[in-house]
Amino acid sequence: MTGTAPAAPTAPEHARTVLVLRALGLGDLLAGVPALRALRRGFPGHRVVLAAPAELGEAAAATGAVDRLLPAAAPGRAVPRTLHWTGPPPDVAVDLHGNGPPSHRLLAALHPRRLFAFAHPGTPGIAGPPWYADEHERDRWCRLLRWYGLHADPADLRLPRPAGPGPAPGAVVVHPGAGSPARRWPVERFAVVAEELRARGHRVVVTGGADEDGLVADLAQRARLPDTDVFGGGLPFARLSALVAGARAVVSGDTGIAHLAVAHATPSVTLCGPVAPCRWGPPAGDPCHLALWHGPEGDPHGRRPDPALLKIRPDEVLAALDTLPAPPVPASPAPPG
């Protein structure tokens, strides 16, 4: 099932529970969608509870694979110290957060009947498959679940198209932010791309996270964007999803909005560095999604733009945009009657 989301969850409140730990960001959640859907199909009579940051509630609901979000987060994408779990132990606990042992022990403390996780010498009581550092994130979690006997398809990652038009239909969405300075391409280079696209007659809009208003304002000023084309403050997920779904293309670093473009089949150019696209990038071989990468890999938590990222030039981004196909035309609704 690669093109549509599963039906909305309908597990009753008293059903047995699958608790999934993935207390990370939007891109992490979207990369985990194939695994979440595999769990939904594999445990149809269970409630699927996702332990993740509270702000991901709308995104989790949009996957069609989660019944409830259990707020859980820690600074720096670390494993939460505790989970505010009430009621009986989960029937199944699934570690989609990392390779333990902290995440393993956090779930084991809830005494689930079964615990799905990768093997680690620090938690020898957990039998699971080996962890491969160079594996793509979507493939990794699907392989974990296949080891436990579930069918998991890494291509099952699309989100349903939002109802109604987005706030800037047909625009090119430029997103200069990322979770760490190492993954942020210089704002002046984004501005060069934005200015050239506007000179070619494209509408260009800029987005940013809740703490990136300064970066968004800087890009908007450099590219001389009107206020109507500036979406700062961290858009609510429903509005961001509609913006991306209706866009001509998305240009960004390796961050959440790049995964959202893939989820909506919106053409995209992702500027990768310091992490290679073979580990976090869009599906290889899809002409709708191009990842620019020069290597080598570096520190994803570095305090300045990674040298691999700085090898990407504005003219390379523009050339990649020129090769992208037009986004698919949404199907027209059937006439009444």
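Before the first selection, one cut-off: a residue counts as buried when its relative accessible area is under 20%. Keep in mind throughout that this is a predicted model.

**Stop 1: strand E9**

Select residues 249-253, which form strand E9. How many of its residues are buried? Five of the five are, leaving the strand mostly covered. Now show the side chains and look along the strand. Ala249, Val251 and Gly253 point to one side of E9, while Val250 and Ser252 point to the other, and all of them are buried.

**Stop 2: the neighbours of E9**

Add residues 172-175, strand E6, to the selection: E6 and E9 run parallel and are joined by four bridges. To find a handhold on this pairing, click on His175, whose bridge partner in E9 is Ser252.

Next, add strand E10, residues 268-271. E10 also pairs with E9 in the parallel sense, again over four bridges. Stay with Ser252 here, since Thr270 is its bridge partner in E10. To follow the chain from E9 to E10, trace it through helix H9, residues 256-263; this β-α-β crossover is right-handed.

**Stop 3: the whole sheet**

Zoom out and colour the strands. In what order do the six strands of the open sheet lie? The order is E8-E7-E6-E9-E10-E11, and the pairing is parallel. At the edges you will find E8 (230-231) and E11 (289-292), each of which pairs on one side only.

Now bring in the helices that pack on the sheet. Helix H7, residues 213-222, touches E6, E7 (204-207) and E8, and its direction makes about 160° with that of E7. Helix H9, already met in the crossover, touches E6, E7, E9, E10 and E11, with its direction at about 150° to that of E9.

**Stop 4: helix H6 and its partners**

Select residues 187-199 for helix H6 and keep H7 on screen. The axes of H6 and H7 come within 9 Å and cross at roughly 45°, which makes H6 oblique to H7. The crossing is right-handed. On the H6 side, the contact is made by Val187, Glu188, Phe190, Ala191 and Glu195; from H7 come Leu215, Asp218, Leu219 and Arg222.

Then swap H7 for helix H12, residues 314-323. The axes of H6 and H12 come within 9 Å, crossing at roughly 45°, so these two helices are oblique to each other. The crossing of H6 and H12 is right-handed. Show the side chains of Arg189, Val192, Val193, Glu196 and Leu197 in H6, which meet Pro314, Val317, Leu318 and Leu321 of H12.

**Stop 5: Ala31**

For the last stop, select Ala31, which lies in helix H1 (residues 26-31). Is Ala31 buried or exposed? Its relative accessibility is 2%, so Ala31 counts as buried. Leaving aside residues up to four places away in sequence, Ala31 touches Arg22, Glu137, Arg138, His259 and Trp280. Finally, draw a distance between C-alpha atoms: those of Ala31 and Gly281 are separated by 9.7 Å, although the two residues are 250 residues apart along the chain.

Notes:
Residues numbered from 1 in each chain as written. Predicted model: local features only at pLDDT ≥ 70, side-chain atom pairs only at ≥ 80, totals over all residues. Heavy atoms only, no water. Buried < 20%, exposed > 50% of the residue type's maximum accessible area, 1.4 Å probe, protein only. Pairing = 2+ DSSP bridges. Right-handed = clockwise from strand over helix to strand, strands pointing away. Axes fitted to C-alpha atoms, helices over the stretch in contact; angles between N-to-C directions. Parallel < 35°, antiparallel > 145°, perpendicular 65-115°, else oblique. Left-handed = near helix turned anticlockwise from the far one by under 90°. Contact = heavy atoms within 4.5 Å.
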